[in-house]
Amino acid sequence: VRIISTRFSSSFQVARNHDKIQNPGTTKFYVNNEFVESKTSKWIDVHDPATNNLVTRVPQSTPEELTAAVDAAEKAFKTFKNTTILSRQQIAFNYVRLIREHWDELASLITLEQGKTFADAKGDVLRGLQVAETATAVTTQLTGELLEVSRDMETKTYREPLGVIGAICPFNFPAMIPLWSIPLVIATGNTLVLKPSERDPGATMLLADLARQAGAPPGVINIVHGQAPTVDFILDEPRIKAISFVGSSKAGKYIYTRGTANGKRVQANLAAKNHAVVSPDANKNHTINSIVGAAFGAAGQRCMALSALVTVGETKEWLNDIAEGAKKLKVSGGFVEGTDVGPVITPESKARIEDIISSAEKEGATILLDGRNYTPEGFPNGNFVGPTIITNVKPGMRCYDEEIFGPVLVVTHVETLDDAIDLVNSNPYGNGAAIFTNSGATGYKFQKEIEAGQIGINVPIPVPLPMFSFTGNKGSFLGDLNFYGKAGLHFLTQPKTITAHWRHEDAVAIKASVDMPT
Ligand code: NAD
């Protein structure tokens with residue numbers, strides 16, 4: 001039985017209504033601004049992670065449907081690339097307004113299919129909305145360069161759209177990550193074939209419809225579905241010029257290798273193991289609250305979750321307070337008011353997380369707080385794992401080496417800041433790292449010496465606002481140009497350089513010059 005608070009029931013109802021209008025039992029294929037029933041014979045069931053009730057069935061798009069999406073995107077590009085940047089900016093303004101108007105509906109779809117709490121789902125939408133807001137500034141961000149290189153001669157550079165862009169998205173941010181592509185593709189004059197995660201496509205379907213309402217012409221935004229066959233199609237289809245991938249390292253390495261071998265631009269944000277280093281001079285209360293929130297929020301299913309804690313010196317004495325903070329978190333369905341930690345995405349994911357916790361015990365670590373076998377009241381069939389803290393962890397243990405992607409914090413102890421920096425830098429991932437300290441010198445040393453691409457100083461999840469880019473590095477990123485910000489606009493465009501010479505005297509020259517000018 002689902003428990004729905006009165007506060008969220010209306011938005012939940014909207015989500016159900018949307019489901020009935022757009023998806024009476026099935027999720028549609030979206031092409032030329034229309035929802036179309038797939039002709040596939042292969043369907044993927046999507047379950048509510050809190051109850052495991054069936055929510056919708058997602059098609060494995062057929063080869064004909066995949067081709068139709070690229071046909072539509074290729075045709076739309078021919079005219080869309082020639083629209084004025086001012087008209088595309090207006091679409092971005094409309095899109096921002098529409099996302100705000102449909103914020104609760106989008107969040108409800110996320111909670112329903114992905115499981116995260118409604119409040120956290122609203123944050124998922126907001127972080128994507130902020131990317132859409134930067135798209136409205138495209139007129140000032142996409143300016144080119146001009147130099148008068150000699151008398152009567154100018155060289156100028158401007159950026160042109162690439163064509164059809166492919167995007168392949170993960171399950172954990174069903175609105176934010178599609179919004180890393182949709183508004184920027186529109187603003188730059190490209191067209192898009194996007195594959196949402198087959199586990200929670202609902203928010204993407206509404207975002208596509210909102211793009212239509214905002215003024216995106218038919219064929220500019222197209223949504224296809226499925227698993228590996230759809231990804232392979234995107235990788236091999238020559239008319240798709242660039243691919244934006246976010247997801248696991250295994251899938252990402254494959255996509256980067258095959259996509260680039262096919263001559264495409266690929267940007268791939270991958271897995272992570274983000275460390276928080278606690279210096280003895282840190283503000284204890286702020287540190288504990290930050291770590292508890294960033295380790296267990298979204299049930300640990302954030303690529304920037306703080307999943308590895310490094311206690312330095314006497315801060316190992318703070319672990320009991322961290323455990324007390326974690327115990328206060330309410331684990332329940334995402335629509336239940338007051339829930340802090342929702343379910344994980346699938347029963348298989350729950351089993352994998354619990355297996356990793358058990359492996360830590362066998363390998364000699366200590367389970368300080370055990371969230372295995374937790375069933376919240378009213379949700380006997382959900383995929384719940386309670387907050388878990390594992391101490392005495394060492395590199396080489398499975399719980400340290402693998403990205404757990406669940407509400408599990410692993411703790412390693414060192415005696416000095418230098419040891420902590422060495423530990424963080426020896427990890428193959430480089431998405432983010434945070435330090436908690438009240439010393440400017442300690443913070444600065446950490447900032448300079450840590451190799452991870454996004455550093456927090458007393459900030460647990462240091463994802464920059466989207467006027468900057470998402471700058472994970474090492475094993476957490478493959479490619480050259482990061483998502484959104486200036487780099488994101490450069491990923492979606494290519495420079496064209498024009499050199500023009502307008503000297504009338506040349507018209508009277510009587511002999512051609514064959515030498516390079518010196
Ligand atoms: P995933 O790799 O399983 O799936 C991502 C996408 O790739 C999906 O659309 C899926 O259909 C497709 N896919 C999966 N396996 C494939 C295969 N073998 N061949 C071709 N395509 C395949 O990832 P997920 O479980 O949906 O998302 C969680 C992962 O994403 C975590 O590792 C997390 O760290 C990472 N992530 C990274 C960032 C970042 O910015 N660095 C952001 C969000 C999530």
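Trainee: Which residues does UniProt place in the feature "domain: Aldehyde dehydrogenase"?

Mentor: The unreviewed UniProt entry gives residues 35-498; such annotations may be inferred rather than shown by experiment. Keep in mind that this is a predicted model, where local features need pLDDT of at least 70, side-chain atom pairs count only at pLDDT 80 or more, and totals for chains, interfaces and linings use all residues. Residues are numbered from 1 along each chain as its sequence is written, and side-chain values use heavy atoms, with hydrogens and water left out.

Trainee: What makes the pair between Arg 199 and the ligand a polar contact?

Mentor: A polar contact is a pair of N or O atoms within 3.5 Å. An N or O atom in the Arg 199 side chain sits 3.0 Å from a ligand oxygen, so the pair counts.

Trainee: Why does Leu 270 count too?

Mentor: A polar backbone atom of Leu 270 is 2.8 Å from a ligand nitrogen, so that pair is also within 3.5 Å. The protein buries 87% of the 830 Å² that the ligand exposes when taken alone (Shrake-Rupley method, 1.4 Å probe).

Trainee: How does the shell around the ligand divide?

Mentor: Into 15 nonpolar, 5 polar and 4 charged residues, with Gly counted among the polar ones.

Notes
A polar contact is a pair of N or O atoms within 3.5 Å; within protein, one must be able to donate a hydrogen and the other to accept it, and residues adjacent in sequence count only if both atoms are side-chain atoms.
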